[in-house]
Amino acid sequence: FVRMGAKFDEKTKAEYSDIQATLAGLQTKFMQNVLKDEETWELVLTEKDMEGCPPDVIASAKQAARDRKKEDPNAHVITLSRSAVEPFLSYCKRRDLRKKVFDAFSSRGELSEERNNLPIAVEMLRLRKKQAALHGKESFSEYQFEDTMAQTPEAGMKLLNNVWTKAKDAADRERALLEAYIAESGETLDGGIKPHDWRYYAEKVRVAKFNFDENEMKPYFSLDAVTKAVFDVSNQLYGLKYIKRDDVPMYHPDVNLYEVRKSTGENGEDRLIALFIHDNFARSYKSSGAWMSEYRTQTKNLAPGTPKIEQIPIVSNNNNFAKGSESTLLSFDDGVTLFHEMGHGHHGMLSDCTYEYLASTNVLKDFVELPSQLMEHWLGEPQVLKKHARHYKSGDVIPDEMVSRFKAAELFNEGFATIEYTCCAMLDIALHSLTEYGDDFDLADFEQKYLQEIGMPKGIIMRHRPPHFLHLFASSSYA
């Protein structure tokens, strides 16, 4: 409460409240601009344009064309959903199309002048600085770190720099492998390996060096199979049972509702502990990414006479998988994401607090990701794979030798992945550690200069650039 201004005098409380209200409006506008860019941009292709893409990626693009009501029956559509973009970048042979998709994807939030998020983000930075100053802090970064294990921006940056140095070395080694593959193949790339090339050639090297193609695994990780797996692990760990309720109308036909029940230990009876909503597919007007949210948070602090059902949380897990026409096949990383979000879901469903303000994920940020980080590791456990990783047509269990090849290749390209997200965290701290943002402050210029300063490896850019960095600017929770 103190961090929310409880000890301010009345004048300062009013000023603080005005700042918070303005920030809330800017955050909403920032998110809406990204959503509009993702909703409106599309690349219409033919199946020939998608040469190199596996059947499930082509099928998803065709389904996207149907969803967007394209009249041409042969139309295929790539949208700006990450679940559509990354497979396309990984397999499409045409460099010009990969560049077109990557450039649009990395420019979300600044694709049009009327939806340019950069000035909105700068205004938010200035307001956050004022917010921190009211708390007696030099910067917003100092204010945010105060309530964490790291305690100071310097300590956080020290940890990240340690990771960054090692990740740069790993990424340089990986780029050398990609360049060697390109040279051996007799190809020449104008300008060398660019960000829209990296994933494509990384998959080529993964097959050549480790004899592993992730598309071999996808048939064993249908959305239905992974959903059954996550419910089974949830039952084994916490005794939860999921009962689908097809009789309850939902806000979209693709969304599923479940009663979540837990045994009372008495005469085989169980009790309702939550309602769980599973919203898995990307579609127009839906925010990108993956997240857990709540329509009602668990609480016991209810007025006398209030129906007990009001204590029951309504928890939602949201993903953005590209919907398949026959069956939706997930990559292993997609499956990990589904398990990760269920960890957050458990946090909400198993909450047992008197006050809503302390319930569910309303905990210190150092802890809020723990249940999800633990849960995501279960998908790769041998007993889970043996039981649930089954071919969506034949029902055959995933072969041991395929799992062995996957494990051998699992750490390849982790330098690239670590660079992608670590630079986001480093820029976040550096940006929020500034003590002033002058009238001429240029966020795009700051991004470019900061990445040069820390030695950003060639061929990689930030996974989340400032114009669409929702974790930073759609709220301040993770900033």
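**A walk through the cores, a helix and a pocket**

Let's start inside: the largest nonpolar core has 56 residues, and the ones touching the most other members are Cys-423, Leu-431, Phe-441, Tyr-450 and Phe-473. Keep in mind that this is a predicted model. Eight helices are named as supplying at least two residues each to this core: H1 (10–40), H5 (118–134), H6 (140–145), H7 (153–184), H8 (195–210), H16 (414–432), H17 (443–453) and H18 (470–473). Helix H16 gives the most, with 9 residues.

Cys-423 is a good residue to click on here. Leaving aside residues up to four places away in sequence, Cys-423 touches Trp-164, Leu-451, Ile-454, Met-456 and Met-462. There is also a second, separate core, made of 38 residues, with Tyr-220, Val-226, Ile-398 and Val-403 among them.

Now scroll back towards the start of the chain. Lys-48 sits in the loop that runs between strand E1 (43–45) and helix H2 (55–67). Is Lys-48 buried or exposed? Its relative accessible area is 71%, and exposed means over 50%, so Lys-48 counts as exposed. His-76 lies 28 residues away from Lys-48 along the chain, with 9.9 Å between the two C-alpha atoms.

Next comes helix H2 itself, which allows a quick geometry check. H2 has 13 residues, and at 1.5 Å a residue the helix should span 18 Å; the C-alpha atoms at its ends are 18 Å apart, so the model agrees with the expected value. Which residues of H2 are buried? They are Asp-56, Val-57, Ile-58, Ala-59, Ser-60, Ala-61, Gln-63, Ala-64 and Ala-65. The buried residues of H2 pack against three elements: strand E2 (76–78), helix H3 (82–91) and helix H9 (214–217). After H2 comes Lys-69, which has a positive phi, near 60 degrees.

Last stop, a pocket. The second largest pocket has a volume of about 380 Å³. It is lined by 19 residues, and those closest to its centre are Leu-223, Asp-224, Thr-227, Asn-256 and Phe-281. Two or more lining residues come from each of helix H10 (223–238), strand E4 (256–263) and strand E5 (270–281). H10 has the largest share of the lining, at 5 residues. As for chemistry, the lining of this pocket breaks down into 5 nonpolar, 8 polar and 6 charged residues.

Key
Residues numbered from 1 in each chain as written. Predicted model: local features only at pLDDT ≥ 70, side-chain atom pairs only at ≥ 80, totals over all residues. Heavy atoms only, no water. Helix = DSSP H or I, 4+ residues; strand = E, 2+ residues; numbered from the N terminus. Buried < 20%, exposed > 50% of the residue type's maximum accessible area, 1.4 Å probe, protein only. 1 Å grid on protein atoms, 1.4 Å probe; cavity = no way out; pocket = protein on both sides within 12 Å on 5 of 7 lines; lining within 4 Å. Points joined across faces, edges and corners; volume = space filled by probe spheres on them. Nonpolar A, V, L, I, M, F, W, Y, C, P; charged D, E, K, R; others polar. Core = buried A, V, L, I, M, F, W, Y, C linked by side-chain atoms within 4.5 Å. Contact = heavy atoms within 4.5 Å. Expected span 1.5 Å × (residues − 1).
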